[in-house]
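Subject: Handover of a structure

Dear colleague,

Please find the structure below, together with its sequence. My notes on what was found in it follow, and I should be grateful if you would read them with the model open.

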Amino acid sequence: MQIIYLILCVVGAALPLSQFVPWLFAHGLNVPLLLQQATSSHIAAFAWADALVSGIVVVVFVLVEGRRLAMRRLWLPLSCLVVGPSLALPLFLFLRERHLAAAGPDNSFKLNPLRGPV
């Protein structure tokens, strides 16, 4: 699964940036124009609202699951939200897989589904 998550990280960064970087070169960091264009139609507002809610879900998931598993470096996937949830979520899932693999095949830490690590 780790290789799939890494591939999704690349795709999750490349697709959004392939649209944003040309816009940035054309308009600079013009935040009012960005907001105006992001809300210029119902479908654009729909996409941005979806990305915003997805980003909030990723933050909650990273913090809750990361703390439950006592993972380190949670700032890394959270900082990737600058690109978007499409990068942050697969990166967190990759880091989570590595963390679980490092715990060993017997998962030397026991998980309590109600309270986290015991």
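**The second largest pocket**

The second largest pocket holds about 220 Å³ of space. Please bear in mind throughout that this is a predicted model. The residues that line this pocket are Ala70, Met71, Arg72, Arg73, Leu76, Leu95, Arg98 and His99. By class, 4 of them are nonpolar, 1 is polar and 3 are charged. Helix H5 gives the largest share of the lining, with 3 residues.

Two of the lining residues deserve a separate remark for their backbone angles. Ala70 lies in the loop between H3 and H4. Its phi is positive, about 55°, although Ala70 is not a glycine. With a relative accessible area of 52%, Ala70 is above the 50% cut-off and is therefore classed as exposed. Arg73 is also found in the loop between H3 and H4. Arg73 has a positive phi as well, near 60°, and is likewise a residue other than glycine.

**The chain as a whole**

The protein chain contains 5 helices and 2 strands. Read from the N terminus, the order of these elements is α-α-α-α-α-β-β. The chain has 118 residues, of which 27% are buried. Among its contacts with a separation of 6 or more, 55% join residues that are 24 or more positions apart.

**The largest pocket**

The largest pocket has a volume of about 690 Å³. It is lined by 20 residues, and those closest to its centre are Pro16, Trp48, Ala51, Val83 and Gly84. Four helices each supply at least two residues of this lining: H1 (2–27), H2 (31–38), H3 (42–68) and H5 (85–102). Helix H3 provides the largest share, 6 residues. In class, the lining comprises 15 nonpolar and 5 polar residues, with no charged ones.

**Helix H5**

Helix H5 supplies residues to the lining of the largest pocket and gives the largest share of the lining of the second largest pocket, and I therefore describe this helix in more detail below. H5 consists of 18 residues, and the distance from its first C-alpha to its last is 25 Å, close to the 26 Å expected at 1.5 Å a residue. Its buried residues are Pro85, Leu87, Ala88, Pro90, Leu91, Phe92, Leu93, Phe94, Leu95 and Leu100. These buried residues pack against H1, H3 and helix H4 (75–79). After the helix comes Gly104, which has a positive phi near 95°.

Two of the buried residues of H5 illustrate how positions distant in sequence are brought together in the model.

- Leu87 is located in helix H5. Its relative accessible area is 12%, under the 20% limit, so Leu87 counts as buried. Leaving out residues up to four places away in sequence, Leu87 touches Cys9, Gly12, Ala13 and Cys80. Its C-alpha atom is 7.8 Å from that of Val11, although Leu87 and Val11 are 76 residues apart along the chain.
- Leu93 also belongs to helix H5. It is buried too, because its relative accessibility of 18% is under the 20% limit. Apart from neighbours within four places in sequence, Leu93 is in contact with Tyr5 and Phe61. The C-alpha atoms of Leu93 and Gln2 are separated by 8.1 Å, while the two residues are 91 residues apart along the chain.

**A buried glutamate in helix H3**

Which side chain makes a polar contact with the side chain of Glu65? The partner is Arg96, at 2.8 Å. Glu65 itself is placed in helix H3. Glu65 is classed as buried because its relative accessible area, 8%, is under 20%. Not counting residues up to four places away in sequence, Glu65 touches Phe92 and Arg96. Phe92 is among the buried residues of H5. The two residues touched by Glu65, Phe92 and Arg96, may be considered together with a general point about helices. An α-helix has 3.6 residues a turn, so residues three or four places apart point the same way.

With kind regards

Methods
Residues are numbered from 1 along each chain as its sequence is written. This is a predicted model: local features need pLDDT of at least 70, side-chain atom pairs count only at pLDDT 80 or more; totals for chains, interfaces and linings use all residues. Side-chain values use heavy atoms; hydrogens and water are left out. On a 1 Å grid over the protein atoms alone, a cavity is a set of points where a 1.4 Å probe fits but cannot get out, and a pocket is an open set with protein on both sides within 12 Å along at least five of seven lines; lining residues have an atom within 4 Å of a point. Grid points are joined across faces, edges and corners, and a volume is the space filled by probe spheres set on the points. Ala, Val, Leu, Ile, Met, Phe, Trp, Tyr, Cys and Pro count as nonpolar, Asp, Glu, Lys and Arg as charged, and the others, Gly among them, as polar. Buried means under 20% relative accessible area, exposed over 50%, partly exposed in between (1.4 Å probe, protein chains only). A polar contact is a pair of N or O atoms within 3.5 Å; within protein, one must be able to donate a hydrogen and the other to accept it, and residues adjacent in sequence count only if both atoms are side-chain atoms. Contact means heavy atoms within 4.5 Å. The expected span of a helix is 1.5 Å times one less than its number of residues.
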